[in-house]
Amino acid sequence: MQTLDQERTSAPPKQIEDLSLLGEVSHRTAGVSRLEMCIQCGCCGGSCPSEADMDHTPRMLFAMLRAGMRHAALMSNTPWICVSCYHCVVRCPQNVHIADVMYTLKSMAIEAKLYQDSTAPDFSQTFVDMVEEFGRSFELGLATRHYLKHFPLRLPNMAPMGIGMLSKQRMNITPTRIKGIAQLKAVLKRAKEVEAAS
Amino acid sequence: MSDKPKFAMYWAASCGGCEIAVLNTNEKILDVDANFDVVFWPVAMDAKYKDVEAMQDGSILLTLFNGGIRTDENEHIAKLLRQKSKILVAFGSCANEGCVPGLANLSDAREIVHTAFNTVSTDNPKQVYPMTSYDVPEGEICIPKILPTLKTLDQVVDVDYYMPGCPPESHQIAAVIDLVIQVLQGKAELPPKGSVIGAGNSTVCDECQRARNVKTITSFNRIFGQEIDPDLCLLEQGIPCNGVATRSGCNARCPTAGAQCIGCYGPAEGVVDYGARLVSAFASVIDAKEPDEIDRILDGIPDPAGQFYRFNLAGSLLRAGKSAWEKA
Amino acid sequence: MNKYILYPGCSMESSARAYYDSLKAITDIIGLNLQEIEDWNCCGATEYLGIKLTPAYALISRNLALAAQQADGTRTVVAPCSACYLNLAKADYYMQEQPVLGQHVNEALAAGGLSYKPGSLDIRHLLDVLVYDVGLDTIKSKVVRPLTGLRVAPYLGCMVPRPDYEHRWSDYEYPVELDRLLNALGADVIEFPLKTECCGGHMTQISPDTAFELIRRLVSAADEHQADLMATLCPMCQMNLDAYQSETNKFFHTSYRMPVIFFTQLMGLAFGLEAKDLGFGLELVSARNALAKIGIEHPAEIPTGTARPKKDGSLPMPAPLPRRNMHTEKGKVVK
Amino acid sequence: MTYKFEPTIIGFTCNWCSYRAADLAGTARIKYPPNVRLVRLMCSGRLDPTFVFKALASGADGVIITGCHPGECHYLEQNYKALRRFQLMRRTLVGLGLEPGRVKLIWASAAEGARFASEINIFVEEIRALGPLHWGVPDDEEPSTVHSPLSEMEVPA
Amino acid sequence: MTQHGGTSPKLALSESKGEERIGVYVCHCGTNIAGVVDVQEVAEWAAAQLEHRGVVIGREYKFMCSSLGQELIEKDIKELELTRVVVAACSPHLHEHTFRTACKNAGLNPYLCELVSIREQVSWVHTDKAAATAKAKAVVSGGVERVIRHAPLEPLRVPIHPDTLVVGGGIAGIQSALEIADAGYHVYLVEREPSIGGHMAQFDKTFPTLDCSACILTPKMVQVGTHPNVTLLTWSEVEKVDGFVGNFTVTVRKKARKVIEDLCTGCGICQEKCPKKVIDDVYEAGLGYRKAVYTPFPQAVPKYPVMDVENCTYFEKGTCKACEKFCPTNAIDFKQQDEILTLQVGNIVLATGYDLFDARRVTNYGYGRLPNVFTSLEFERLSNAAGPTNGNIVLRDGKTTPKAVGIVHCVGSRDRNFNNYCSVICCMQGLKFAHLVHERTGAIVYNFYIDMRTAYKAYDEFYQRVLEEGTLFVRGKVAEITDVPRRPDEDGHLIVQVEDTLAGKQRRIPVDMVILSTGLQPRYDAKETAKRFGLSCSSDGWFIEKHPKLDPISTMTEGIYIAGCVQGPKDIPSSVAQGAAAAARVLGKIQQKEISIEPVRASVNQDQCSGCRICNNLCPYNAISFDEDRGVSLVNAALCQGCGTCVAACPAGAISGTAFSNDQILSQIEGLLLLNIDEPVTA
């Protein structure tokens, strides 16, 4: 993990465009993010159930965005540890769309290929690949593929649970494909084009 | 020709009611003859425009001009009579404020011609429209050209006095004739130029005998289909009576007879826009605070432009030339 | 009969089959007409949003577009799954808050011959519809086998009461809708302080250690409150707490056996339906012992919730705040 | 030379609320387009429809009328009279051939400087979308020169 | 006679050409105006392009409102024989008076001056210099057209009734009432609770000096109660206010105490004997009990108790009457009814105070659910020697002394979910609590704050004193307070979960007691009160002052002043200062004996009035009457407030209004539209 101090000393000289980082994140976030309104009160970091595993509290991450620390901010594991519980969102005295900012930071990190651990990005991508292929999620395929790649050593431990799920028919053996998969693919293709153009 | 002062009366875009009102003064018309030399009065005597053109400027003492300015002929004669007359009176509602012909200003001139010559009531299978000039073997025939909008007399020429009414009440005409004769005899003075003559200073209510109270209107109704209290103010009974804003002088004829005033005497002294006065007055006494409730009450006035501008449209601030958005 | 468009979501057909089965079993009883959206697709859960914005919202909005198209005399979409509910509701809200997002999404939808006008549907969670449309009185009137004696910890998780942009719930942190519904079924409802805390979400896949800690907090608190079972309304919560409970036990060397059951299953029981028709038995931590309590003799009174301080010498507590729609009456003091 | 259309708008304000809201917008340096020119009245109840007609007749493309919120009138309830007049006036204007959107009534308290500015923003854009107000001025098309000497004509009777 | 109806506007313009000699003065206001508007161009344009309208001089000057600027106008009036003056500067609400006075000094009737705003409404709100300059010209042109039609006027003189109404008997109202009464004028002090004293009477100590609140407040309360110039109306509420500055008629409901004040000696036997205990939500903040007949606290002024009929056993069940039986002076009267009083006053001071933010709304702080979470007002009672625990700081069980206490700042304040403003007093209040807890219990004290705001005299020193005492400060907005432990050391405690933003980590801090430094908010009925007095509230609900900096005491309604928290959150010294300032204003008004008010009045031209009676029910002040004999309506100038609604309504055009005549406004509109702002497009 890169600390604030390291960023200050080791990062290349600040580029002007970095000052636009906060605005860029805000712009790419769904809805009106209100990110610029943050008063650094820390209510988000205080509320977070998974803060213990985060490199930075959300508040600190926002301060880094403000400071234009692009590399350090995108490298932070914080967005990947966010569990989308929305506690911080409803408690934020400035109504910052914190959870959605986290989604934005994830997508920016993937784009910039800046993350320390590929577990989470891979999980998301695997999930998305399946949805794009079938139109539905496919838990068995997802879980096995994911665990095989990232937690092979845990698989034996998980086996009873997987077997339980399967034996109780709580996991489908084969994926379900929606009828309008062609339509969905067309929609997503256009969506990606629109996104690239905007 | 006698040396009596010269008198003229002309009708432009009007119905002829004003002439009848003059004749309705009965024996008073003889005073006109006794005191004036009638030189031009198309409805009463034969005359040619060229005879008028030949007159010396200012040689006509008094011209009563009725009708609005609808055609180039109207405009030409208005200018001509202005030139030849010492005193030019806008006589009757049309010359003053446009009157019913002025309602044509709600439509485009082309639409008007189209409506006149090509609607269900007109049998015009060949789509023949009048032309302003047409060559025939005998030469060229011309008819007057219609102007884009109807104008009041003072929108075309300078006017000395205004005499409102549709038509002006005969007793008021008689009084004005008396006044002019007295002036001729040196017994009275003319009022200041620009004055309204032959009418009162206040509004119709001033002469209306119906009892009036504090007003709160909960609905507007048409005059038929309900019991009307003969002694109570019509507006208080929800009848949109324009008397509150209409110049007095008619002795409140319509409300007295049981019909609402429709406003032929035009605005009161000093009023800039007649319709605006009525809009404000009627709306002020509506008994509602919620927009929906107000709308419900206002639905009782289905045609506000007609209600408030039946006589005054051509003389109103907006004059109701069509706005761009409705043009095809 | 109340008519709604149903968006079940992927889990309802697999890991949360018990939820779907029990829901289908009770709809007729309480007069709920749910019409499933024809050919719906996955909402993207919490994953797609972190990859690309416009495709994520286009994916969600295809469902909205289909729902609006198929809506027949209703404008309400019901989602029983928390993540689905949140994604649909949030998409609809953000496309109104930020019209350019709506434009982009509609450009994408157009490629599939679809369109959606943000704000044209109401997105509601199943519990919301049950409590506020069907009504607790109706539900109460259908109860033939009250769950008396069953100590239930109501557990909603995160994504139903939050962020709640449309202000549909009594509170972000301590909503009372599920408690009231379980009460109506006759259950002994525990004042469960962690009722909207996080179950770990996708952390079971990404950072299992983080997830186990979150699961432990919930299960241990329910155990601490002597709950017979936890009632939930979220497939993800059920999955995490139920399927990963034994892993969690191993991780912390504990031995919790806390059944986690969908609230619709409990409704079915109270309505007199057979447990087997309600998806019981599909849970990995069995609810057998808990169910055994119902219908058997009344257990000894166990004090519920945090006991109020005794009268003698103690100081009075303030009255509870009136709940429903408190957020819409911002600034108004309720005395 | 051609001109880019910039709407001209007359705004009527109440001395106690909206005029102060406009002052407040100024004090807070909240920007809005310069298309609106304000007239101060003591109360929206002073608003005579004549003023609106006059503005529209004299070159304004739109008129915005502002007053205290219902129930908050400095003179107790005169803003309700303004509301009623506004509704009848708008109906009348529509009857005279005007788009209803050219006149607008909004409420703004003395504290609502930001709201005042944003309403002005919105209204300017609405009027811009409607385009310029063209009343058919009577002098638009002068009749072409009369073809024949009118003096030769028979006087119609 | 006047012009005829349809006359074209152009004619109207040329008629008055050159009749007046007008001076146009354009102010730079430093760079405030000149930074955006080309003031020189505006002045030159007015002189050249409006010459035909009578403009004889156009000048610009750095500060028109300065004495040099005013002298410039005065000199021109004399030398150039100006008959009208237009000043283009700031809002007329700021400097209209200044320029009118300048005109008056030069012998010109002050009402022949027009101030048009090119600062608040042009330079401060526009950025495009060309467009702003064009608009400034239009505004000046509007002013010129308007001023031509101004008529010389004289201000109206209205007598001031010497009595004053003060609403609210908290410290601000008390201060105001005493200042006025001491100056020799009569005051009615209306308070809706049974006693005056307000929130201050509930406090134990006051920051930063730690004076005992009661010790400094009660002498003032007694003074009010015994002052010959004060009529104290407690347990009373203002129901209606009519009239205007100098002559208000106020209707007050004096609620039935069910105790005859003339007979009651305040001995307290009735309270002692009353068998009904009721939780005291007001004075004891819900933490203590009172009887159904009660004085809220021993030092209450007046001393007479009131009966709470909703909780009285006699009113509930028809029996009991213990109070009546034991009262030695037969002062109990169960049949006593509310009284309606009508007061005549010249000025009004509103000091209705604040409500405490309802901490139950922040569900994550658990107030109302977790017993040992207290609000600030509860803690004030808890720490007050006269409170329910005799000043022992204990948990809600009534006996346990806390070993660790967390004090949470900004509860309900600085939060868009609740109140978006800073409540001003909470930081100092939190520090005071920290000190008291430390002093009385020796407990570990944590203060959780977002930003520490200790402005004003001796406040920051107090912060340092509390630091010195060892209070632990954590910078972070508390996320939640819970009783669910995660670790063994948390068992049996409340846990304050917060990000320590200076350490950058989340902390869970076990404590025994949490005190919420709860914010202030407007009274729940502030909007209704504002309406009743004809005032307006900000969007937050605080009453709006006339000017936020230069006149925070007056309101938009002349003769009504505000003091204390009704205007916004403030501490005791500020409330006292504002109360005294309001009194000074009132005294100033009373001593003028009469005041001049703007001569904006309507009048009826009786020749033209037809007696249609449209106007008759339009006036909320009943200034319009109908003369049945003459059949005309009349306006009573003394009652008319100048709104102009009747002027706009008169269908005959018979009612005219001074200062805002039809002519003036129509001309102004025409002037404003002289220029249009279409931008040329280069092809």
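Trainee: In which loop does Pro167(B) lie?
Mentor: This is a predicted model, in which local features need a pLDDT (the predictor's confidence in each residue, from 0 to 100) of at least 70 and side-chain atom pairs count only at pLDDT 80 or more, while totals for chains, interfaces and linings use all residues. Residues are numbered from 1 along each chain as its sequence is written, and chains are lettered from A and ligands numbered from 1 in the order in which they are written. Helices (H or I, at least four residues) and strands (E, at least two) are DSSP runs, numbered from the N terminus. With those names in hand, Pro167(B) is placed in the loop between strand E9 (161-163) and helix H8 (170-184) of chain B.

Trainee: What is the omega of the peptide bond that joins Cys166(B) and Pro167(B)?
Mentor: Most peptide bonds are trans. The bond that joins Cys166(B) and Pro167(B) is cis, and its omega is about -10°.

Trainee: What is the omega of the peptide bond from Arg162(C) to Pro163(C)?
Mentor: Pro163(C) sits in the loop between E5 and H6 of chain C. The bond that leads to Pro163(C) from Arg162(C) is cis, with omega near -5°.

Trainee: Is Asn251(B) buried, exposed or partly exposed?
Mentor: Asn251(B), in the loop between H8 and helix H9 (253-257) of chain B, has a positive phi of about 60° although it is not a glycine. A residue is buried if 20 or more other C-beta atoms, placed from the backbone, lie within 10 Å of its own, exposed if 12 or fewer do, and partly exposed in between. Because Asn251(B) has 15 other C-beta atoms within 10 Å, Asn251(B) is partly exposed.

Trainee: How many C-beta neighbours does Lys321(E) have inside 10 Å?
Mentor: Lys321(E) is not a glycine, yet has a positive phi of about 55°, and its place is in the loop between helix H10 (313-317) and helix H11 (322-326) of chain E. Lys321(E) counts as partly exposed, and the number of its C-beta neighbours inside 10 Å is 14.

Trainee: Which residues is Met42(D) in contact with, leaving aside its neighbours within four places in sequence?
Mentor: Met42(D) belongs to the loop between strand E3 (36-41) and helix H2 (49-57) of chain D, and it counts as buried because it has 24 C-beta neighbours inside 10 Å. Two residues are in contact if their C-beta atoms, placed from the backbone, lie within 7 Å. By that rule, the partners of Met42(D) are Asn15(D), Val600(E), Gly642(E), Cys643(E), Gly644(E) and Phe660(E).

Trainee: Which strands of chain C stand at the edges of the open sheet?
Mentor: Two strands pair if DSSP finds at least two bridges between them, and by that rule four strands of chain C form an open sheet in the order E2-E1-E3-E4, with parallel pairing. Those at the edges each have a single partner strand, so one side of each is left without a neighbour in the sheet, and they are strand E2 (32-36) and strand E4 (122-125).

Trainee: What angle does the direction of helix H5 of chain C make with that of E4(C)?
Mentor: Inside the sheet, strand E1 (residues 2-6) and strand E3 (residues 76-79) of chain C pair in the parallel sense over two bridges, and Ile5(C) stands opposite Val77(C) in E3(C). Helix H5 (residues 126-142) of chain C packs on this sheet, touching E1, E2, E3 and E4 of chain C. Axes are lines fitted to C-alpha atoms, for helices over the stretch in contact, and angles run from 0 to 180 degrees between N-to-C directions. For H5(C) and E4(C) the angle is about 95°.

Trainee: How many residues of helix H6 of chain C are buried?
Mentor: The buried residues of H6(C) are Glu177(C), Leu178(C), Asp179(C), Leu181(C), Leu182(C) and Ala184(C). They pack against several elements of chain C, among them H5 and helix H11 (263-270). Helix H6 (residues 177-184) is mostly covered, and of its eight residues the number buried is six.

Trainee: Which element gives the largest share of the side of chain A that touches chain C?
Mentor: The contact joins 60 residues of chain A and 56 residues of chain C. Helices that give two or more residues to the side of chain A include helix H9 (119-134) and helix H12 (181-197). The largest share, eleven residues, comes from H12(A).
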